[in-house]
Amino acid sequence: MHQQSLPERDCQAPALRRDGEVVSLGGDWSLQALALPGEVQARRRALGQAGAQATWDLRSIERLDTIGANLLWHAWGEQLPERLRLTDGQREVFQTLQANA
């Protein structure tokens, strides 16, 4: 039987970066990345520190699946933030979540 190991954490690409009121998310927000030990909890803590007035910029996210989008959706109180920058593909993922909420 062949065992597959989890990928090593990419320490060079931070998932969340803050510049004033702009919170930029980048890197991998997929099941594969979130499956790493402690990753979901660490990202939840970081998202919770952003503040209600933040402008969210998701355009640097390299991979976003419904698992990663769900993590963001719940951090935002199950609604899109008023100030949000994202790609058309990301918008479609969140519209699907919104329609099924």
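Colleague: What makes β1 and β2 a pair?

Modeller: They run in the antiparallel sense over four bridges. Two strands pair if DSSP finds at least two bridges between them, so β1 and β2 qualify. This is a predicted model: local features need pLDDT of at least 70, side-chain atom pairs count only at pLDDT 80 or more, and totals for chains, interfaces and linings use all residues. Residues are numbered from 1 along each chain as its sequence is written, and side-chain values use heavy atoms, leaving out hydrogens and water.

Colleague: Which residue stands opposite Leu-16?

Modeller: Leu-25 in β2. The hairpin has two residues between the strands, and Gly-20 takes a positive phi near 65°.

Colleague: Why is α2 called a helix?

Modeller: A helix is a DSSP run of H or I with at least four residues, while a strand is a run of E with at least two. Helix α2 covers residues 39–48, so α2 meets the helix rule.

Colleague: Which residues of α2 are buried?

Modeller: Glu-39, Arg-43 and Leu-47. Buried means under 20% relative accessible area, exposed over 50%, and partly exposed in between, with a 1.4 Å probe and protein chains only.

Colleague: How do you know that the buried residues line one face of α2?

Modeller: Seen down the axis, they fall within an arc of 60°, so they line one face. The arc is taken from the directions from the helix axis to the C-beta atoms. On the other side, Arg-44, Arg-45 and Gly-48 are exposed.

Colleague: What covers the buried residues of α2?

Modeller: The cover includes β1, β2, α1, β3 and α3. Contact means heavy atoms within 4.5 Å.
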